[in-house]
Amino acid sequence: MHPFASYVLRSYYRATGWNEDNLFANLTRSSAGILDFNVPRGLSLSISKAPNSFFSTSYTMNALPSLNGSVGYIFTSCELDIKNSGDVRLKDMVERFKVHDNPRRPEGKEEVWLAGERVDSRDYLLYGRLYLPTGRLDALYSTRLSPTIQALVAAISDPRSSFITEGRARGDNVSNVMLSLQHDLGKWCTEYTWSAEDGMWGIRVLHNFGRLGSPAESSEESTTDPRPKRVDEEEATGGGLKGRVSAGGELYASAKENSAGVSLGVRFTTLPDTNLQATSRGPVQPPTTITGLFNPMMGHLSTAYAARVSQDLSLCSRFDFNVYSYDSEWTLGAEWWMRRSGSDSVAHKVETSPGSGHLEKRNELPSTSDLRGVVKAKISTNNNVSLLWEGRLKRMLVSLGVVSDLSSRSKPIKAIGLELSYFSVD
């Protein structure tokens with residue numbers, strides 16, 4: 001389940017028209033939503049409050065295995081459409097498989113003029129979180145410098161890492177400041193980063209082949225076909241999946257650490273308007289995403305195939321291989337959305353088109369409001385099995401999961417946890 005701060009950040013991107021999915025860092029987001037889900041550890045409780053559309057507070061407490069907590073504050077320059085935990089769409093709170101919209105060039109906010117002078121300001125978001133009792137402080141500042149350029153400043157201040165060498169030896173997160181400049185043109189998206197702690201410079205580039213989308217296009221969540229199909233209408237034929245390709249890479253180097261790295265990636269995804277609907281000639285191609293990543297210096301190769309095989313079931317497989325050590329791992333995962341009784345099947349209506357004698361067949365897909373939870377499961381060749389259920393009980397969001405090791409007889413259960421989240425908006 002997304003933390004409340006992550007939910008607010010995504011709402012801010014949506015309100016300002018920024019497409020975070022058009023970044024090289026999010027190239028494998030569809031497969032990661034099925035295979036890389038986080039299972040809560042111990043017992044965790046989160047309570048958040050948004051007294052208005054600009055300001056939000058969040059409080060978390062972890063009771064097991066140790067007692068700790070945090071306090072967070074978020075402020076934005078624009079009004080956000082934040083829902084209560086009892087009303088928010090479950091799919092907005094869960095990292096999941098999704099076929100994203102066609103990439104599009106971001107549009108800036110409308111200009112506001114007063115007495116011949118422009119008085120509108122740049123959109124921005126401020127976030128801070130203090131962890132207790134460690135005293136660690138996380139901060140984030142995001143602002144739009146122009147319609148296509150966004151700047152981010154992230155900082156970590158950890159009092160326990162006063163001595164950097166000792167902090168690294170213990171595996172602690174040392175204090176650090178990282179700057180990021182993102183330039184999104186739709187076709188091209190470039191990100192420049194700099195990390196103060198190790199003097200790391202990096203650049204990431206992603207190029208999308210094919211046409212750009214327009215802001216008016218509907219997303220993958222559309223539930224009905226805007227134009228009903230006739231029963232005798234001809235369907236396009238031809239083998240193979242039809243979609244678009246994105247390719248990119250990243251390059252980073254640190255003079256302080258005398259290290260460098262490079263990664264290359266490619267992604268194929270079906271068109272976002274491809275819905276799993278029955279037609280007169282059978283179902284159309286399922287929403288599918290295929291990705292490949294390669295790190296030449298480390299010799300790491302990763303390929304993933306994810307597809308929605310039915311309205312509520314998505315499957316994914318991933319194969320990781322190292323060309324130097326011949327180490328490999330195969331992971332298989334599934335994501336199943338549960339609905340309320342009576343809404344599991346797709347209803348079909350056959351109607352007569354006004355003014356014509358043709359019969360029309362229209363599909364009515366179940367509404368996302370019928371969802372009551374999602375079950376995720378994955379298993380890999382390293383004998384790890386993870387199960388996670390995320391859903392809503394009354395007005396509270398709940399995550400319950402377990403991680404087990406099939407190869408261990410003494411400790412088959414590696415972790416088990418329960419996470420409760422509640423937030424309200426006035």
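Q: Which side chain meets that of Glu 95 in a salt bridge?
A: In this predicted model, Glu 95 lies in the loop between H3 and strand S4 (113-114), and its partner lies in helix H2, so the pair ties together parts that are 66 residues apart in sequence. Glu 95 counts as partly exposed, at 26% relative accessibility, whereas the partner counts as buried, at 14%. The N to O distance of the salt bridge is 3.5 Å, and the side chain that Glu 95 meets is that of Arg 29.

Q: Which residues are linked with Arg 29 and Glu 95 in a network of salt bridges?
A: Side chains of opposite charge can pair when their charged atoms come close. The salt bridges of the model come to a count of 15, and Arg 29 and Glu 95 belong to a network of them whose other members are Arg 10, Glu 20 and Asp 21.

Q: Is Asn 26 buried or exposed?
A: Asn 26 is found in the loop between H1 and helix H2 (29-35). Leaving aside neighbours within four places in sequence, Asn 26 is in contact with Glu 20, Asp 21 and Arg 267. Because its relative accessibility is 15%, and the limit is under 20%, Asn 26 counts as buried.

Q: With which residue does Asp 36 form a salt bridge?
A: The pair links distant parts of the chain, 282 residues apart, with Asp 36 in the loop between H2 and strand S1 (42-50) and the partner in strand S19 (residues 313-322). Asp 36 counts as partly exposed, at 37% relative accessibility, while the partner is buried, with a relative accessible area of 16%. This partner also forms a salt bridge with Asp 320, the closest N and O atoms being 3.6 Å apart. For the pair with Asp 36, the closest N and O atoms are 3.1 Å apart, and the residue is Arg 318.

Q: Which helix gives the most to the largest nonpolar core?
A: In soluble globular proteins, nonpolar side chains tend to be buried together. The largest nonpolar core here has 25 residues, and those with the most contacts inside it are Tyr 7, Met 93, Leu 397 and Phe 423. At least two residues of this core come from each of helix H1 (4-16), helix H3 (90-93), strand S6 (124-132) and strand S23 (371-380). With six residues, the element that gives the most is H1.

Q: How far apart are the end C-alpha atoms of H1?
A: The buried residues of H1 include Phe 4, Tyr 7, Val 8 and Tyr 12, and the helix is followed by Gly 17, whose phi is positive, near 75°. At 1.5 Å a residue, the 13 residues of H1 should span 18 Å, which agrees with the separation of its end C-alpha atoms, 18 Å.

Q: Which residues outside its sequence neighbourhood is Phe 423 in contact with?
A: Phe 423 is among the residues with the most contacts inside the largest nonpolar core. Once neighbours within four places in sequence are left aside, the residues in contact with Phe 423 are Phe 4, Tyr 7, Ser 48, Lys 83, Asn 84, Ser 85, Val 88, Met 93 and Leu 397.

Q: Which residue in S6 is the bridge partner of Gly 72?
A: Strand S2 (residues 55-62) and strand S3 (residues 68-76) pair in the antiparallel sense over eight bridges, and a hairpin joins S2 to S3 through five residues. S3 also pairs with S6, in the antiparallel sense and over eight bridges. Within S6, the bridge partner of Gly 72 is Arg 129.

Terms used
Residues numbered from 1 in each chain as written. Predicted model: local features only at pLDDT ≥ 70, side-chain atom pairs only at ≥ 80, totals over all residues. Heavy atoms only, no water. Core = buried A, V, L, I, M, F, W, Y, C linked by side-chain atoms within 4.5 Å. Buried < 20%, exposed > 50% of the residue type's maximum accessible area, 1.4 Å probe, protein only. Helix = DSSP H or I, 4+ residues; strand = E, 2+ residues; numbered from the N terminus. Contact = heavy atoms within 4.5 Å. Expected span 1.5 Å × (residues − 1). Pairing = 2+ DSSP bridges. Salt bridge = Lys/Arg side-chain N within 4 Å of Asp/Glu carboxyl O.
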